[in-house]
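Reader: Could you take me through one part of this model closely, please? I would like to begin at a ligand and work outwards from there.

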Amino acid sequence: MTPKLSVPKEKIKFVLLEGIHPSAVDTLAANGYTQVMTHAKALAGDELAAAIADAHFVGIRSRTHLTEDVLRGAGKLAAIGAFCIGTNQIDLGAAMRRGIPVFNAPFSNTRSVAELVLAEIVMLMRGIPHKNAVLHRNGWVKSAAGSHEVRGKTLGIVGYGHIGTQIGVLAEQLGMQVVFHDVEAKLPLGNARQLSSLDAVLQLADIVTLHVPETPQTMLMIGEAQLARMKRGSHLVNASRGTVVDIDALAAALDAGQLAGAAIDVFPVEPQGNDARFESPLVRFDNVLLTPHIGGSTAEAQESIGREVAVKLVRYSDNGSTVSAVNFPEVALPEHTGRSRLLHIHRNVPGVMARVNERFSEAGINVAGQYLRTNEEVGYVVIDVDSGAGDVALEEMCSVPGTIRCRVLY
Ligand SMILES: NC(=O)C1=CN([C@@H]2O[C@H](COP(=O)(O)OP(=O)(O)OC[C@H]3O[C@@H](n4cnc5c(N)ncnc54)[C@H](O)[C@@H]3O)[C@@H](O)[C@H]2O)C=CC1
Ligand SMILES: O=C(O)CCC(=O)C(=O)O
């Protein structure tokens with residue numbers, strides 16, 4: 001049966017996992033959404049399925065995996081909020097085909113990641129992780145060996161997007177030369193230079209920092225061969241996704257002295273919460289700065305992300321707007337005061353819109369406004385009708401073959 005999601009506001013259930021900032025709950029409450037369940041940790045398996053079984057909106061960060069199977073069990077789900085930048089933890093295609101838009105916060109934690117990486121660059125170039133570890137064991141290593149100013153050194157940025165460009169600008173303020181690799185042609189900021197290949201960046205840089213999304217193309221993009229191409233004694237920073245680096249190859253490169261150090265914030269497998277145990281082949285290296293995926297974890301970023309993504313969910317729920325959805329046709333909408341608004345998500349096959357309009361015409365429903373956007377697989381149409389006609393129009397619209405999901409906003 002086609003799910004209809006015409007639920008009174010006070011019954012709409014939000015489930016927020018992974019300790020999403022309270023600014024999200026406050027924003028939802030300020031907009032009349034008070035059914036908000038919060039969990040401090042990521043959930044998986046049966047716990048996740050039970051938590052979201054009757055949720056209309058789910059909010060996660062990077063560690064909750066919303067696979068096709070998980071989505072299948074959440075039949076009432078209208079939209080997903082990724083309270084972070086990365087959306088690789090969500091099966092975006094499966095969500096789209098089920099009529100579920102996904103919203104994220106594409107730049108609220110950008111600066112936090114950039115600041116951390118900049119600090120790590122300085123720490124690595126001075127050999128601080130190793131010195132710090134020795135002193136914690138009552139040792140003393142006052143030495144300039146292997147310790148360098150960053151001024152005049154070359155920083156290689158892989159993935160010159162929001163975070164990569166911010167780091168490039170900040171690094172130049174410290175006197176670094178910036179080179180980068182990106183699959184797209186990018187406007188270089190300051191004196192940065194785009195090189196012709198990943199290898200060219202690896203060969204030239206004193207320190208390489210990774211800022212690509214997790215995709216099939218970036219999976220293990222830094223492995224044994226790439227590490228071997230880096231300058232002997234150079235450093236690697238990874239605050240992108242754990243799957244981008246072959247962690248065993250990195251451990252081997254550190255053992256061999258090919259790399260002088262690394263700063264790693266993200267791991268192929270990360271603990272579900274703060275009470276779980278962290279395991280990694282990197283824990284034995286004093287010269288590796290390990291952080292628990294906190295690149296974006298600052299008070300400023302989390303507060304801002306909480307508000308930003310909650311506002312997007314509220315806007316979709318109240319008004320139907322899908323502006324900035326990462327997996328869905330984007331429709332920007334005016335207010336619908338005095339009208340009922342129907343939201344119809346359908347498979348993008350010929351004839352669906354013709355049938356919707358036919359049904360409305362046969363039922364004598366006057367259409368006051370219609371907004372349609374499609375992508376290759378789904379169509380999203382928003383139709384405003386006279387306020388008395390909402391329920392009849394919903395019945396007509398939901399029974400059109402090809403309908404994935406429909407809803408009325410009164
Ligand atoms: N450690 C943490 O807490 C955080 C980690 N992240 C991670 O950082 C990633 C990057 O974030 P943004 O800079 O905001 O993303 P962005 O989308 O602005 O930039 C990514 C860049 O990578 C490029 N790219 C994609 N595939 C590539 C490939 N195969 N080779 C080279 N370049 C490629 C893109 O063209 C783009 O310019 C996110 O996807 C997320 O996984 C983001 C925020 C916090
Ligand atoms: O804060 C988080 O949980 C994840 C941050 C992150 O990796 C992202 O924004 O993509």
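How do the residues of the shell around ligand 1 divide into nonpolar, polar and charged?

Author: Happily! This is a predicted model, so local features need pLDDT of at least 70 and side-chain atom pairs count only at pLDDT 80 or more, while totals for chains, interfaces and linings use all residues. Residues are numbered from 1 along each chain as its sequence is written, and chains are lettered from A and ligands numbered from 1 in the order in which they are written.

The shell around ligand 1 divides into ten nonpolar, 16 polar and five charged residues. Here Ala, Val, Leu, Ile, Met, Phe, Trp, Tyr, Cys and Pro count as nonpolar, Asp, Glu, Lys and Arg as charged, and the others, Gly among them, as polar. The shell holds 31 residues, and Gly86, Gly159, Gly161, Pro213 and Gly295 come nearest to the ligand; a residue is near a molecule or strand if its C-beta atom, placed from the backbone, lies within 6 Å of it.

Two elements give two or more residues to this shell: helix H5 (110-125) and helix H7 (162-173). H7 gives the most, with three residues. Helices (H or I, at least four residues) and strands (E, at least two) are DSSP runs, numbered from the N terminus.

H5 and H7 also pack on each other. Their axes come within 9 Å and cross at roughly 45°, which makes H5 oblique to H7. Axes are lines fitted to C-alpha atoms, for helices over the stretch in contact, and angles run from 0 to 180 degrees between N-to-C directions. Angles under 35 degrees count as roughly parallel, over 145 as roughly antiparallel, 65 to 115 as roughly perpendicular and the rest as oblique. The crossing of H5 with H7 is right-handed; that word applies if the near helix is turned clockwise from the far one by less than a right angle, and left-handed if anticlockwise.

On the H5 side, Thr110, Arg111, Val113, Ala114, Val117, Leu118 and Ile121 take part, and they meet His162, Ile163, Gln166, Ile167, Leu170 and Ala171 in H7. Two residues are in contact if their C-beta atoms, placed from the backbone, lie within 7 Å. By class, this helix contact has nine nonpolar, three polar and one charged residue.

Gly86 brings us to ligand 2 as well, since its surroundings are Arg61, Ser62, Cys84, Ile85, Gly86, Asn109, Gly296 and Ser297. That shell has two nonpolar, five polar and one charged residue.

Now for the sheet in this part of the chain. Five strands form an open sheet with parallel pairing, in the order E2-E1-E3-E4-E5; two strands pair if DSSP finds at least two bridges between them. Strand E2 (35-38) and strand E5 (102-103) are the edge strands, each pairing on one side only. Two bridges hold the parallel pairing of strand E4 (residues 79-82) with E5, and isoleucine 80 has valine 102 in E5 as its bridge partner. Helix H1 (residues 22-30) packs on the sheet, where it touches strand E1 (13-16), E2 and strand E3 (57-60), and its direction makes about 170° with that of E2.

To return to your question, then: around ligand 1 the shell is made of ten nonpolar, 16 polar and five charged residues, with H7 as the element that gives the most.
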